[in-house]
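Open the model in a viewer and keep the selection panel at hand. The stops below say what to select next and what is there.

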Amino acid sequence: MISDAPVLQQSSEQAESTAAPAPSRLARYARPMLGILLPLILAVGWELVVWLGYSNGRLVPPPSRIFATILELAHSGELARHIAATLWRVGLGFAFGVVAGTALGAISGYWSLARRLLDPTVQALRAIPSLAWVPLFILWLGIFETSKIALIAVGVFFPVYLGVMGAILSVDRKVVEVGRVFRLSGPAMIRRILLPAVLPAYVVSLRVGLGLGWMFVVAAELIGASEGLGYLLLDGQQLGKPAQILAAIVIFAILGKLTDWLIEVAALPFLRWQDAFGRAKGA
Amino acid sequence: MLALDRVSKTYPNGVQALARFSAEIGQGEIIAIIGGSGCGKSTLLRAIAGLDRASAGTVTLDSEAITSPHAKIGIIFQEPRLLPWLSVADNIGFGLADLPAAERRQKVARALERVGLADKAEAWPRELSGGQAQRVAIARALVPQPEVLLLDEPFSALDAFTRRDLQDHLLDLWADTRPTLILVTHDVDEAVVLADRVLVMRPRPGRLFDQIEINLTRPRDRNSPLFENFKRSVLTSLDRSLDRNVPDRDATQGPGQAMWW
């Protein structure tokens with residue numbers, strides 16, 4: 001009777017997994033469909049409204065016109081050029097931000113003296129709205145690529161720094177003790193205990209950092225650029241081409257989601273052990 | 001032989017957890033340490049493990065002073081403390097990183113077999129029940145073949161049925177290489193089932209109060225009258241260790257101080 005608890009739990013798990021397939025096939029496709037339903041209805045609705053002539057769709061172009069704009073840009077080769085420019089900036093800024101954030105976060109997390117020295121300054125800098133750096137960066141680094149990449153790197157730096165430091169500080173003392181019992185050296189302790197323990201939070205901080213990177217690339221490109229998706233936005237505004245603005249926004253959404261997904265997929269093999277990841281995939 | 005010589009521990013906040021604890025423990029002996037809460041059982045165990053240093057006194061294993069974790073001393077904690085990112089097999093092999101892969105795999109496979117979890121080798125720790133996880137922890141601690149194995153209330157978080165099961169299992173594993181076992185527990189039954197000698201501790205500050213030899217052959221019948229006798233004498237000793245303590249505590253602590261706790 002005492003062994004009931006695990007058995008019960010097991011059987012209920014089994015029941016779940018055996019009962020799951022039949023409705024889950026429906027659920028697997030139906031559930032994401034539910035999310036698409038609202039935007040789809042709105043898009044089709046707006047398309048109809050314009051098509052039936054109730055609106056000229058000049059300021060809010062219908063989906064077909066946005067799509068046509070994207071195709072047009074793609075055909076002329078402009079789209080590839082703008083995407084490449086933007087991706088390059090995000091990529092470089094992200095790389096610099098991640099390297100700096102990881103290094104300083106790791107030092108502050110691992111070494112409490114460094115944390116006391118460093119962290120208050122970093123936190124103070126973090127309190128500054130990052131866009132406030134723009135004029136200074138332009139003065140220091142010029143109007144071209146360097147200042148843009150620096151701005152993106154600053155945006156990426158803070159979430160990564162905070163994520164790494166917080167993750168190291170919250171590593172379970174009990175697990176570290178297991179490492180001590182087996183007499184791990186300093187480097188072995190880092191490699192075999194700290195790194196794997198920190199990884200889930202690190203991946204989250206990378207994703208947050210990347211999100212901010214995309215945010216700041218728009219800011220950087222709005223300030224002054226001759227190419228890039230942000231430039232498309234600005235150009236669309238100045239020349240009164242809302243379809244081009246919306247096209248750029250759609251591409252931002254796709255690229256942002258895609259790069260985020262890339263991080264998630266790249267991290268997945270290392271995080272299979274986690275409860276949460278398996279469940280999130282199943283849901 | 002493991003020798004504890006007047007081991008004392010005072011924490012930085014002034015609490016004296018352990019006062020001049022001395023004992024000599026022979027190779028292969030099974031010792032149970034029992035006592036009321038706050039009697040310094042775990043403190044003592046951590047000092048033997050080299051995880052905390054004693055404020056005074058020495059722990060020596062075969063005339064080698066123990067001040068930090070030692071290869072010949074293993075420990076099993078109250079929780080399994082498995083590394084969640086390693087498979088069951090890799091958890092068991094965690095302390096064998098220095099061995100060649102083939103030898104390690106072989107030892108791990110044998111240990112898995114021995115604790116009856118051969119089919120769980122590739123499972124993640126989260127997929128194990130509490131009892132299974134603790135068996136993996138036992139295997140992990142035993143696989144490097146320590147001379148001394150410390151157990152800090154290893155079965156207290158398990159249900160009574162699983163606990164009995166694991167106690168028998170532990171004895172079975174112990175018989176393979178016969179390491180010295182030092183088991184901290186607050187379960188009298190567990191102490192009498194497992195130990196050659198029960199050390200009763202007395203709290204505040206923790207010190208040795210009584211020793212009871214358990215002269216019963218193994219396997220021990222939990223229902224025999226002799227077993228009951230030993231249980232009763234341990235219980236009596238435990239009661240006395242706590243009763244005697246009452247006037248002591250009143251004498252050393254004013255009424256105001258008690259309010260802090």
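Two strands count as paired here if DSSP finds at least two bridges between them. The model is predicted.

**Stop 1: the sheet of chain B**

With that criterion in mind, select β6, β7, β8, β3, β9 and β10 of chain B. In that order they make up an open sheet of six strands, and the pairing is mixed. At the edges lie β6 (73-76) and β10 (207-213) of chain B, each paired on one side only. On average, neighbouring strands of this sheet are turned by 20° against each other, direction ignored.

**Stop 2: strand β3 of chain B**

Now narrow the selection to residues 30-35 of chain B, which are strand β3. Is β3(B) mostly covered or mostly open? The strand is mostly covered, with six of its six residues buried.

Show the side chains next. In a regular strand, side chains alternate between the two faces of the sheet. Here B:Ile30, B:Ala32 and B:Ile34 point one way from β3(B), while B:Ile31, B:Ile33 and B:Gly35 point the other way. Residues on both sides are buried.

Add the two neighbours of the strand. Residues 180-185 of chain B are strand β8, which runs parallel to β3(B) and is joined to it by five bridges. Within that pair, look for B:Ile34, which has B:Thr185 of β8(B) opposite. Residues 197-202 of chain B are strand β9, also parallel to β3(B) and joined to it by five bridges. There, B:Ala32 has B:Val198 of β9(B) as its bridge partner.

**Stop 3: out to the edge**

Keep β9(B) and add β10(B). This pair is antiparallel and is held by six bridges. Select B:Arg202 and B:Arg207 together: B:Arg207 in β10(B) is opposite B:Arg202.

**Stop 4: the start of chain B**

Move to strand β1 (residues 2-10) and strand β2 (residues 16-25) of chain B, which run antiparallel with six bridges between them. B:Val7 and B:Phe21, the latter in β2(B), stand opposite each other. Which residue in the turn has a positive phi? In this hairpin, with five residues between β1(B) and β2(B), B:Gly14 has a positive phi of about 95°.

Then add residues 56-61 of chain B, strand β4, which pairs with β1(B) in the antiparallel sense over five bridges. B:Leu2 has B:Leu61 in β4(B) as its bridge partner.

**Stop 5: where the chains touch**

Show both chains. How many residues does each chain bring to the contact? Chain B gives 18 residues and chain A gives 14 residues. The chain B side comprises twelve nonpolar, two polar and four charged residues.

**Stop 6: chain A**

Select residues 83-263 of chain A, which a UniProt annotation from an unreviewed entry labels "domain: ABC transmembrane type-1". Over this stretch the chain is 86% helix and 0% strand, and its end C-alpha atoms are 19 Å apart.

Finish with helix α3 (residues 63-76) and helix α11 (residues 242-267) of chain A, whose axes come within 8 Å and cross at roughly 80°. That angle makes α3(A) roughly perpendicular to α11(A), because angles of 65 to 115 degrees count as such. From α3(A), select A:Arg65, A:Ile66, A:Thr69, A:Ile70 and A:Leu73; from α11(A), select A:Ala243, A:Gln244, A:Leu246, A:Ala247 and A:Val250. These residues make the contact, and by class they are seven nonpolar, two polar and one charged.

Notes:
Residues are numbered from 1 along each chain as its sequence is written. Chains are lettered from A and ligands numbered from 1 in the order in which they are written. This is a predicted model: local features need pLDDT of at least 70, side-chain atom pairs count only at pLDDT 80 or more; totals for chains, interfaces and linings use all residues. Axes are lines fitted to C-alpha atoms, for helices over the stretch in contact, and angles run from 0 to 180 degrees between N-to-C directions. Helices (H or I, at least four residues) and strands (E, at least two) are DSSP runs, numbered from the N terminus. Angles under 35 degrees count as roughly parallel, over 145 as roughly antiparallel, 65 to 115 as roughly perpendicular and the rest as oblique. Two residues are in contact if their C-beta atoms, placed from the backbone, lie within 7 Å. Ala, Val, Leu, Ile, Met, Phe, Trp, Tyr, Cys and Pro count as nonpolar, Asp, Glu, Lys and Arg as charged, and the others, Gly among them, as polar. A residue is buried if 20 or more other C-beta atoms lie within 10 Å of its own, exposed if 12 or fewer, and partly exposed in between; C-beta atoms are placed from the backbone. UniProt positions are given in the numbering used here, feature names are shortened, and annotations may be inferred rather than shown by experiment.
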